[in-house]
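Morning, everyone. Please have the sequence and the model open side by side. I'll go through a few places one by one.

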Amino acid sequence: MTASLHISEHPIVAIKLSQLREAANSPKVVRELMRDLSLLLGYEASSTLPTLREKKMMSPYEPFTGVELKQRVALVPILRSGLGLVDGFLSLFPEAPVLHLGLYREKVSLQPVEYYNKLPQNPQVDVCYVLDPIVATGNTAVATINILKEWGLSGDNIKFVGVLASQQGIDQIRNEHPDVDIYMAAVDQTLDEHGYIRPGLGDSGDRLWNTAI
C-alpha cells in the first residue's frame with residue numbers, strides 16, 4: 001500500500017501559506033496564520049472520517065437522528081512547533097485528547113532525538129492526527145510514526161498533517177511508512193545542505209514562539 005499524499009488545492013490555503021512565508025510577520029501574525037491553516041487542513045484531513053447516525057435528538061420542532069463521529073480521535077503535536085496547529089484542530093475535535101511528543105533535530109546528524117513522551121500506557125484512540133508544520137528531512141516524522149506504531153496503532157489509523165514539506169521529506173515518510181496518509185498545504189522541491197526547505201517559511205518554532213536569536 002502506498003500512502004496517499006494530499007496537497008491542498010484550496011485557494012484560501014494557498015493565500016494563507018503565501019502570507020505565512022513573509023519574513024516580516026510578527027509572532028502574533030504567524031500564530032494566527034498557523035491556526036487558520038490548521039483549521040483548513042484539519043477540515044480536509046477529516047473529510048473521510050466515518051460517522052454514526054444513531055443518537056436521538058430534538059430540534060426546536062421535532063425529533064431527529066444526530067450525526068456523530070464513529071472513531072475516537074487524538075491529536076499528537078510534535079513539540080514545539082506542532083503546538084501551533086493544535087488550536088485549529090481542537091476547534092474541530094474539542095474533546096480530543098492532546099498527546100504531546102517532544103523530538104528535536106540534532107544539528108550535525110539531522111537525526112531526531114526524543115526528549116518527551118506523554119502517550120498514555122494504552123492507546124484508547126482510533127485515529128491520531130500527527131501535527132508538525134514543517135517536514136524537512138522527514139526523519140522526525142518517521143520517528144514519530146515509529147513511536148505511534150510501537151504504541152499500538154496501525155498505519156491506516158495515523159494521519160500526518162503539516163503546512164509545508166520538502167519533496168525529500170515526503171519521499172522519506174512514504175518509503176518508511178507507506179500506510180500513512182499525509183496532508184500538506186504545499187511541497188517545496190529544495191532542501192539545502194543544512195536541512196532547511198527553500199524557499200520554505202523559516203524556523204516555525206522560532207517564528208511561532210518569538211525565540212529567534
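Here is a short tour, starting with one aspartate and ending at a turn after a helix.

Keep in mind that this is a predicted model.

Start with D188. Look for it in strand β12, which covers residues 186-188. Is D188 buried or exposed? Its relative accessibility is 8%, and the cut-off for buried is under 20%, so D188 counts as buried.

What does the side chain of D188 reach? It makes a polar contact with the side chain of R21, at 2.9 Å. There is a backbone partner to look at as well. A polar atom of the D188 side chain lies 3.0 Å from the backbone nitrogen of G200. Now zoom out a little. Leave aside neighbours within four places in sequence. D188 is then in contact with several residues, among them L164, A165, S166 and Q167. I197, R198 and P199 are also on that list.

Stay with P199 for a moment. It sits in the loop between β14 (197-198) and α6 (204-209). The peptide bond from R198 to P199 is cis, with omega near 0 degrees. Most peptide bonds are trans. There is another cis bond to see. It runs from L79 to R80, with omega near 5 degrees. R80 is in the loop between β4 (73-79) and α3 (86-92).

Next, helix α5, residues 167-176. Which of its residues are buried? They are G169, I170 and I173. Look down the axis of α5: these buried residues fall within an arc of 100 degrees, so they line one face of the helix. The general rule helps here. An α-helix has 3.6 residues a turn, so residues three or four places apart point the same way.

What does that buried face pack against? The partners include helix α4 (139-151) and strands β1 (5-7) and β8 (134-135). β10 (164-166), β11 (181-184) and β12 are partners too. You have met β12 already: it holds D188.

Now go into α4 itself. Find T144 in that helix. Its relative accessible area is 0%, so T144 is buried. Not counting residues up to four places away in sequence, T144 touches I78, L101, L103 and V130.

Time for the surface. Y104, Y115 and Y116 form a nonpolar patch there. Together they have about 330 Å² of accessible area. Y104 lies in strand β5, residues 101-105. With 43% relative accessibility, Y104 counts as partly exposed.

Move along to K107. It is in the loop between β5 and β6 (112-117). Is K107 buried or exposed? Its relative accessibility is 77%, so it counts as exposed. Now compare K107 with G169 from helix α5. How far apart are they in space? They are 17 Å apart, C-alpha to C-alpha, with their positions 62 residues apart in sequence.

Last stop: N210. It lies in the segment after α6. Its phi is near 60 degrees, a positive value in a residue other than glycine. Most residues other than glycine have a negative phi. N210 has 57% relative accessibility, so it counts as exposed.

To recap: D188 is buried and in polar contact with R21. The buried residues of α5 line one face. The bonds before R80 and P199 are cis. Thanks, that's my slot.

How values were computed. Residues are numbered from 1 along each chain as its sequence is written. This is a predicted model: local features need pLDDT of at least 70, side-chain atom pairs count only at pLDDT 80 or more; totals for chains, interfaces and linings use all residues. Side-chain values use heavy atoms; hydrogens and water are left out. Helices (H or I, at least four residues) and strands (E, at least two) are DSSP runs, numbered from the N terminus. Buried means under 20% relative accessible area, exposed over 50%, partly exposed in between (1.4 Å probe, protein chains only). A polar contact is a pair of N or O atoms within 3.5 Å; within protein, one must be able to donate a hydrogen and the other to accept it, and residues adjacent in sequence count only if both atoms are side-chain atoms. Contact means heavy atoms within 4.5 Å. The arc is that of the directions from the helix axis to the C-beta atoms. Patches are made of residues with over 30% relative accessible area and no salt bridge: like charges are joined within 9 Å, nonpolar side chains (Val, Leu, Ile, Met, Phe, Trp, Tyr) within 5 Å. Accessible areas come from the Shrake-Rupley method with a 1.4 Å probe; for residues, only the protein chains shown count as cover. A salt bridge is a side-chain nitrogen of Lys or Arg within 4 Å of a carboxyl oxygen of Asp or Glu.
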